[in-house]
Amino acid sequence: MALDIILTHINTDFDGLASVVAAHKLFPRARPVLPHKMGANVQEFMALHKDSLGFIPAKEVVAGKVRRIIMVDTKVASRVGPLGALLANPKVETYVYDHHPVGDDDVQANHLVREDVGATTTLLVEIIRRRHLPLSSFEATVLALGIYEDTGSLMFSTTTVRDVLAAAYLLEKGANLAVVAHFIDRPLCPEQKALLRAIGDRAMTLTVGGVRVVVTSAELDEYVEGLALLVHRQVEIEGSDVFIAVVRMEGRVYVVGRSRVEEVHVHELLRPFGGGGHSAAAAATIKGGNVKQILNQIVQQLQHTIHPLMGAREIMSSPVKTVTPATTVDEAGKVLLRYGHSGMPVLDGEKLVGVISRRDLDKAGLHGLRHAPVKGFMSRKVISIPPETTLAEIQRLMIEHDIGRLPVMEQGKLVGIVSRTDVLRMLHGESTPVQYRANFCSVPGGGANALRPEGSLRAQLEERLPPALWQLLQDVSELAERMNCGVYVVGGFVRDLLLKVNNLDIDLVVEGDGIAFATALAVQLGGRVKTHEKFGTAVVVWGQQKIDVATARREFYQYPAALPQVEASNLRQDLYRRDFTINALAICLNQRRFGELIDFFCGQRDLEQGFIRVLYNLSFVEDPTRILRAIRFEQRYGFQIEPETLLFAREAIARQMIKELSYDRLFAELVLILSEANPAPALRRITELGIWQYLMPELVWTERVESELLAVPPLLAAMDTAGLGLPARPWMVYLLVLTRRLRRESIEAVGTRYPLRQRLRQAMQTLAEMGDAVDECLSQWLEAPSPSQLESLLSGWILEATIALLVGRPPAEAIAIVRAWQQVQAVRPLLNGQDLQTLGLRPGPEFARILQQLRKARLDGQVHDRDDEWALVKQWLAEQASKKKPGGTHV
C-alpha cells in the first residue's frame, strides 16, 4: 500500500512541529514522521502530547512504499534526516511548504508554496482557513506555538500582517496563550545560565560599515540545549545589529546568527557552513570544526559583504539654509517659512555658534521682539555630528538630547543638517534618498486590483502611448544620457497612467539646466522652443505637438496666497512643491532606469486608497486655489479628500484665505472645474464647504440650478452622438446655465469681477434677459418650423448660449433645433457685392440689406438659384424706382 509522509527538519522547533500538524489537516491520509532530534521545549511538549498528534517513528517508514512526501519548514533534503534520500527518487511526489529563502540546495518540488512570512505555520493556517477545515482548541494551540515562537511573539522584524491575522484566527479557534507562554518563555536551567554567561563574557563588538556586530564563542564538553534562545536573549542584552555565536559542544560546532538590519542576511552568512534559516535568524552545525577558524572566517565574510550603512552624509539636507547672529527674529521667521524648515543653524562666518528653532522665534515674537537679533534666543549648546555618523547613532542623539536637528560638520565646516523628518523618512520607507528607487510606500491590501506596478513601468508606457509619443520618450532618454542629466516625466501623466486614464500631456523635469535641455531637444526634433528664464521652464513645439520642460525647482511663498517664487533644486524638492501626493509622482527616463517609478510621498498608496492628500500642512494657506483643485480631483476620480487634508482646507476657508486670491486665478480654477465631464458634483461640494460665496455670491445654489447643470452632460452627449459635434468651450455652457437666471446688475458684477470677453458677457446678458421669451417662441417654432423665423430668434447667439437655452428640453427637441440652426447659419445668397455692382448699385449699407433679404428669401424657399435671385433683386429695384420721388436718391 502506497504511503504519504510528512517531514520537517531535525532539531525541530515549534514552527516545524506546528507545520507538521497543520499539514496533517490538509493531508489527513499522510503520516507525520517523528523528527530525529527536537529542541528541548519541543521535546518536553512532545513527551506530554505525542500520542495525541499521531506521529510515527522514522524507522517504521518503508522506503519502497513512499508515494508522496510533504516537507514543511525546510526545502533542504539533508535537513530532514535519512528519509531525505527518498526525495531524489523521481517517482516520489514532493510537496513543500516553507518560508525560508530560496537556496541552491533546495529540493525540486512538484508543488512548492514559499512565501515571505514570519512562520511556515502561517502559510498552512491560511489554507486551513480558506478550506474551512475544523480546528480543535488543542490543534489551534499547537499551531499558535509555531507562529509565536518563530515570530518572537509577533515582535521579530520578519513578522508580517499575515502572521498576525493567522494568530488572531487561531485565538478565535480557542488557542490557549497560557500554554503558548509556558513552552516559549521557559526559565533557564543551570547549564543554560552558565553558557549564557560564557557567551556574554567572551563577546567582542566590531563595527563593520557602520553595522554594530557582536561575535562570541565558547567550548563545552557536554551538549546544552537552547543555544538559539540564549543568543536571542544576548541580543536583547547587547542591543547589537548583528550577533554571531560559535559554540563547540560534543565534537560539533554550532553557529547561531541573528540580524536586526537589512544590510546583513545571516542565512547567507552561514550558507558556506551548510546553515539554513532566513535573513534575520539562521543556524548551522559543523562536524569537528574549529571554533577559532570558523569565527575568523565569519568575521572576514562580514567585512566583505557588509556595505556601509547609510548615515548622515546620505540623508542630510545640503546646502544648509543658515542665518547670522545679527539676523532679526522677523527675518529668520520669513526664511523658515520660505523653505518650510522648523529650525536652522546660526553661523558667525564659517563658525557654527547656535541653532534657532521656530518655537524660539514664536516665543520672541509673542514678547514683541521681532526686530531683536536671533543671538539672544538661539540655543548655543549645539550637538553636531560628522558625515559618517550612522542612523542608529543619530537616533540615539536625538532621543537622548531631545533635539530635532543635528548639524553635520566636516573639517570644521557645516556641510549639511539631519532633521527628525530625514530620520523618519529613512525608518519608514524612503531609505534611498540619493539614488531614487521606486515604490517607497507600501500599499495595504494590494490584491489583483492594486495600482502598484511590478518593477518598471516601461511596458505600460510602450503599451499605452501612441508610437510617436513613445519614440519621443526614447529620444528624451538618449538626450539625457548625452547631456548627463536626470530627466523625469512627472505629474498628471504619471497619475493617470497608473489609473489607466488617457492623458498624453507630457511634463518633463530636468535635474540640471532645463532650458538648455529643452533647447537641445527642440534642435533634435526640428522644432522651436519658448523659454521662461525667470522660472527655468520652456515649451518645445514641433508640428502640432508640444512638451513642457522645467528645471527641477523649489517654490516658496512670501505671504499667503502669493504667487510662488522659485529657485533651482532637485527632483524631490520639485515634487514636494506640488499640490497633492497623487500628483507628486515621477517616472525616470534615463536609459539605465527608464520606466522606474519615483514615489517619495506615498502617492501610489493614496491612489490605491482613493485619497486626495496635501504634501504639507500649510499647503492651502500658501495657495488656496489648491482647495478647488482638491475638490476637482476628488469628484473626477470618485476619491475622498483625506480627513486631515479636509481639516486643513476647512481651516483655510474659515480664515477666508480664498479672499486673498486674484479673480484671474479664481476664474482659471473655475474654468477647470467647469471643463470637467460633469462639474455639478464639484460645484455642490464647493457649496457645502462654504466656498461658493467667494466665486459667485450673486447666485444662490438651489436644486433647480443643480438639476439644470446635471442636464448638460447628457445633452452634449446626445448632440455628439447625433453628429452635431461639441462646442469648442463646453465650460461656457455651464457658466451660462449658472448665470441664466441672474439679474442684469448681477451679470454685470460677474463680468466685472472675472476676465470675460465681451462676446461672452453679451451672451450672458442676452440669455438672462431674453432666454425665457426665446424659449417659448422655440416651442411654437417646433410646431411650424420656419428657417427665417429661427434666424430671427437666434441671430447673434453663440452656440454655447443656444445649448444653455435648450437645457431641460427633451434631447430630440434640442437636437432638432440645433441641427436646424446650424443649417440656417450655413445658408448664404448666391449673389454677392460684385454682382450687385453690375446693376449700377454703389457699395454701401444698401448692399447688406439686399443680401440679407436674399438670404431670408432662400431660407423661406422663395428663390432656388442665381436666376431666381437676379429676378428678385431686379423686382426690388423696380419697386424702388417706381416709388422714387423727384429729387430723391437712386438706390
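How many residues lie between E18 and E19 in their hairpin, and which glycine in the turn has a positive phi? There are four residues between the two strands, and the glycine is glycine 536, with a phi of about 70°. Keep in mind as you explore that this is a predicted model. Across the protein chain the pLDDT averages 85, and 93% of the residues score at least 70. Let's walk through a sheet, a pair of helices and the stretches with low scores.

**The hairpin and its sheet**

- Start with strand E18 (residues 528-532) and strand E19 (residues 537-542), which are joined by five bridges in the antiparallel sense.
- Within this pair, look for valine 529, which sits opposite valine 540 of E19.
- Now zoom out: the hairpin strands belong to an open sheet of seven strands with mixed pairing, and the order is E18-E19-E20-E17-E16-E23-E24.
- E18 and strand E24 (597-598) are the edge strands, and each has a single partner, so one side of each has no neighbour in the sheet.
- Further along the order, strand E16 (residues 486-490) pairs with strand E17 (residues 507-511), again in the antiparallel sense, through four bridges.
- Here tyrosine 488 has valine 509 in E17 as its bridge partner.
- A helix joins the picture too: H18 (residues 492-499) packs on the sheet and touches E16, strand E23 (586-588) and E24.
- The direction of H18 makes about 60° with that of E16.
- A handy idea when you look at strands is that, in a regular strand, side chains alternate between the two faces of the sheet.

**Two helices packed together**

- Two packed helices are described by the angle between their axes and the distance between those axes.
- For helix H1 (residues 14-26) and helix H4 (residues 137-150), the angle is about 140° and the axes are 8 Å apart.
- That angle makes H1 oblique to H4.
- The crossing of H1 past H4 is left-handed.
- On the H1 side, the residues that meet H4 are Phe14, Asp15, Ala18, Val21, Ala22 and Lys25.
- On the H4 side, their counterparts include Val142, Leu143, Leu145 and Gly146.
- Sorted by type, the residues of this contact are seven nonpolar, one polar and five charged.

**Where the scores are low**

- Residues 429-454 have a pLDDT below 50, and beyond near neighbours in sequence this stretch has 66 contacts in the model.
- Residues 556-561 also stay under 50, and the model has 24 contacts for them beyond four places in sequence.

Technical notes:
Residues numbered from 1 in each chain as written. Predicted model: local features only at pLDDT ≥ 70, side-chain atom pairs only at ≥ 80, totals over all residues. Heavy atoms only, no water. Axes fitted to C-alpha atoms, helices over the stretch in contact; angles between N-to-C directions. Parallel < 35°, antiparallel > 145°, perpendicular 65-115°, else oblique. Left-handed = near helix turned anticlockwise from the far one by under 90°. Contact = heavy atoms within 4.5 Å. Nonpolar A, V, L, I, M, F, W, Y, C, P; charged D, E, K, R; others polar. Pairing = 2+ DSSP bridges. pLDDT = per-residue confidence, 0-100.
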